[in-house]
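Morning, everyone. Please have a look at the sequence and the model before I start talking.

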Amino acid sequence: MTMTHPGLPALWVNLIWLFMLLVSLWVLFSRVPERSEHRYLLMSKIPLLGRLVHFLNASPWPLQLMKLLMVGVFLIVIYAGLQGTQIPERNLSTVMTWNLWWAGLVIAVFFTGSAWCAVCPWDALATWLVRRRLWRRAVPNNSLNLKVPKWMRNVWPALLMFMALTWFELGVGVTNDPYATSILALLMLVMAIVFLSVFENKAFCHYVCPVGRTVGYYAQLAPVELRPINTDICANCTTLECYHGSDTIEPCPTHLVMGTLQQNTFCTSCGNCVQSCPDNNVSWRLRSQSVEVRQDARPRWDEAWFMLGLLTLTSFHGITMLPFWYEGISQFGSWIGDSGRLLTSFSLGMLFIMFAPIAVYALLVFWAKKWMGDRARFTQVFSVLAFASLPLAFSYHIAHNLNHLVRESTDLIALFSNPLGTDTQPLGMMEKHERHLNMIISQDTLFWLQAGLMLFGFWLAMQVIRYRGYALFAEKKLWVIPIIIFAIAIHGFDLWILSQPMTMRM
Amino acid sequence: MSSKLNKFLLALISLIYMNNLLAHHVLGRPSYSLGEDSTTPPSMQVETQIGQYFVTYMVFPAFPKAGQNGRVNLYATHMSSGKAFNGEVTFKVKDDKWFGAKTEILGKQKIDDGVYRQGFVFRQDGDYIISAFFIADGEPYNIDFPLRVGQTSAIGPIGLTVLAVFALLIIVNIIQRKRLLRGKIQAAAQEKS
């Protein structure tokens with residue numbers, strides 16, 4: 001018997017629809033916005049928070065201690081998956097990985113940007129093993145330091161990895177398999193070590209890691225950023241310690257120069273630049289959540305595909321948790337003669353759901369481009385407007401993940417006191433009911449949060465269309481209509497998924 | 001009035017009792033003391049679709065140990081007619097490994113109340129694959145089902161990872177040393193000339 005979570009109530013859905021229509025009309029009738037000034041607040045100047053930031057940045061040890069903690073948890077997760085019970089809801093490996101970490105990670109990005117990458121256990125272990133140092137710069141750095149081949153210097157590998165991760169997660173069912181979860185984690189660790197041993201800097205984080213790239217793109221919408229305090233100092237800097245590193249501090253792992261940094265995408269929040277800058281000119285600051293995505297981030301063809309892939313695969317996650325998904329795939333499997341675990345049917349379904357909306361987006365861009373004539377290339381319009389997909393994906397992703405986190409992550413004390421799930425039994429229906437009744441927050445609060453996120457995501461997407469669309473289309477307002485239609489259609493579809501009962505994962 | 005009330009209460013109690021029974025059946029959740037022949041032992045269930053049949057496999061108990069009696073139940077229903085397959089199913093077992101896996105026949109079973117039941121006892125812990133084979137409408141059907149008996153060692157995957165990582169680090173180290181040496185030789189040669 002399958003248990004489901006209730007979906008977002010109709011009242012909320014209707015209100016969000018009304019909001020979406022009103023905002024869309026406002027975009028068409030509002031004045032064309034000018035590029036706004038980048039306003040920010042240095043976190044070091046904020047009472048209490050400033051002290052915390054100073055404590056974290058003043059010495060490498062707080063970060064190293066957090067890394068040690070993460071690596072410890074990571075190793076326990078691996079061991080629990082390999083050696084513990086294979087009942088997914090009783091094993092720390094599956095609950096920690098899929099219900100807490102993977103679900104909570106996206107929510108964490110909303111507040112802390114790419115901070116996860118700074119304490120990532122895959123990177124920490126790989127660095128310690130390859131560099132053979134806990135934190136200081138290793139000379140020589142024990143890597144072959146080969147340049148990453150030109151054809152790999154993009155985020156296509158990360159997109160393929162993200163697709164593979166989704167396939168393993170939802171198709172193969174790794175989320176319900178502690179052993180496979182641990183194997184997957186070990187595989188990622190091996191890949192991180194291989195890339196660090198062979199290529200210069202952190203090519204795995206930069207081009208391949210699906211988690212790092214997901215965090216990186218969503219971090220464009222984070223309210224925090226690591227930037228220079230005074231850009232004039234950077235402009236006159238000739239030594240570029242932020243890029244090259246210093247005698248004791250490693251260089252920037254993803255080849256970023258602080259003086260020209262405008263987007264969070266590839267910043268791993270490692271803080272090397274903070275430590276190495278001789279002028280103490282790098283700091284964390286608070287900012288508007290829309291400023292990067294609507295004007296600062298640079299459009300690129302491969303990155304546009306990654307953002308659109310995030311959008312469609314996030315919707316795909318939701319679809320697979322609807323009760324009729326299995327029946328549909330089963331029916332499809334019988335049509336095409338698929339058998340067993342129906343992996344062929346699942347794969348085809350996944351590819352269709354991933355690429356059909358992107359094809360529709362491409363058609364709408366083509367439509368807008370036709371109005372424009374030769375003012376811009378198709379790839380340019382495609383890449384620029386793809387930024388609108390990022391807030392749509394992010395808001396739905398968090399709203400969906402909140403369901404998992406709030407409804408399926410209770411009874412953690414029992415789990416942490418018996419991480420291997422020794423002598424436990426599968427979760428009974430009564431316990432599942434109890435979980436429903438003992439949620440971390442009330443159901444009404446959850447609905448408020450989900451609805452708020454969906455409103456916020458659509459509002460940000462419209463801001464992107466206003467700023468980027470009008471700049472691209474030389475202020476011709478009607479030309480943004482195709483992309484507004486796309487945003488309404490995809491967000492409306494995500495809203496519909498959110499309003500449906502969702503199957504419990506474990 | 002009181003007899004009507006009694007009847008109503010009796011009906012209510014019966015309903016509550018029936019609901020409990022139904023729930024217990026639907027849950028399939030165990031009492032700890034129940035054996036493999038009970039109707040509700042802990043089980044692992046896998047549903048799959050093969051050819052024209054929906055096949056459901058259940059293993060009792062869900063996580064068997066060496067020396068412990070267990071049972072596999074197989075249900076196969078035709079996708080379009082919904083009728084249960086009525087024939088003979090052969091159950092086999094082999095080690096879940098890439099090379100040198102020996103296959104043993106566990107038994108051949110006829111349908112019993114819509115279900116094919118096959119008992120088993122494993123002498124050793126390990127990973128096995130149980131296969132169910134039957135012929136329906138002239139077509140052969142073979143369903144493989146992985147089964148872990150007892151706890152398997154975690155040293156396998158961790159050992160492999162450690163081995164692979166150390167091999168890689170050693171190779172990289174050797175290459176790097178050669179590079180450094182070559183650099184030194186070239187520098188010395190340049191100094192000489």
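Let's open with a question: where is the place of S276(A)? S276(A) sits in helix α13 of chain A, the run from 272 to 276. Keep in mind throughout that this is a predicted model.

Now, is S276(A) buried or exposed? S276(A) is buried, because its relative accessible area is 7% and the cut-off for buried is under 20%. What does S276(A) touch, if we leave out residues up to four places away in sequence? The contacts are E241(A), C242(A), S246(A) and I249(A).

Next, the strands. Take β3 of chain A, residues 224-228. How many of the 5 residues in that strand are buried? The count is 5 of the 5, so strand β3 of chain A is largely enclosed by the rest of the structure. Its partner is strand β4 of chain A, residues 282-287. β3(A) and β4(A) run antiparallel, and 5 bridges connect them. For the register, look at P228(A): V282(A) in β4(A) stands opposite.

Stay on this strand pair for the charges. Side chains of opposite charge can pair when their charged atoms come close. Here, E225(A) and R285(A) form a salt bridge, at 2.7 Å from N to O. That pair links distant parts of the chain, with E225(A) in strand β3 and R285(A) in strand β4 of chain A, 60 residues apart. How accessible are these two? E225(A) has 0% relative accessibility, so E225(A) counts as buried. R285(A) is buried too, with a relative accessible area of 7%.

E225(A) has a salt bridge to R287(A) as well, at 3.0 Å, N to O. Again the pair links distant parts of the chain: E225(A) is in strand β3, R287(A) is in strand β4 of chain A, and they are 62 residues apart. Both E225(A) and R287(A) are buried.

Now over to chain B. There, the side chains of R117(B) and D112(B) meet in a salt bridge, 2.8 Å from N to O. Buried or partly exposed? R117(B) is partly exposed, with a relative accessible area of 31%. D112(B) is partly exposed as well, at 42%. Back in chain A, shared partners join salt bridges into one network, made of E225(A), R227(A), R285(A), R287(A) and E292(A). Over all chains, the structure holds 13 salt bridges.

On to the helices. Which residues of helix α18 of chain A, residues 378-385, are buried? They are V381(A), F382(A), S383(A), V384(A) and L385(A). What do the buried residues of α18(A) pack against? Five names to find on the screen, in chain A: α15 (301-320), α17 (343-372), α19 (389-408), α22 (443-472) and α23 (481-499).

Last stop, the surface. There is a nonpolar patch of about 420 Å². Its members are L49(A), L52(A), F55(A), L56(A) and M66(A). Which helix gives the most to this patch? Helix α2 of chain A, residues 49-58, does, with 4 residues. One residue to pick out is L52(A), which is found in helix α2 of chain A. L52(A) is partly exposed, because its relative accessible area is 45%, and partly exposed covers values between the 20% and 50% cut-offs. As a reminder for reading that helix, an α-helix has 3.6 residues a turn, so residues three or four places apart point the same way.

That's my tour. Over to you.

How values were computed
Residues numbered from 1 in each chain as written. Chains lettered and ligands numbered in written order. Predicted model: local features only at pLDDT ≥ 70, side-chain atom pairs only at ≥ 80, totals over all residues. Heavy atoms only, no water. Patch = residues over 30% accessible without salt bridge, like charges linked within 9 Å, V, L, I, M, F, W, Y side chains within 5 Å. Areas by Shrake-Rupley, 256 points an atom, 1.4 Å probe, with all protein chains shown as cover. Salt bridge = Lys/Arg side-chain N within 4 Å of Asp/Glu carboxyl O. Helix = DSSP H or I, 4+ residues; strand = E, 2+ residues; numbered from the N terminus. Buried < 20%, exposed > 50% of the residue type's maximum accessible area, 1.4 Å probe, protein only. Pairing = 2+ DSSP bridges. Contact = heavy atoms within 4.5 Å.
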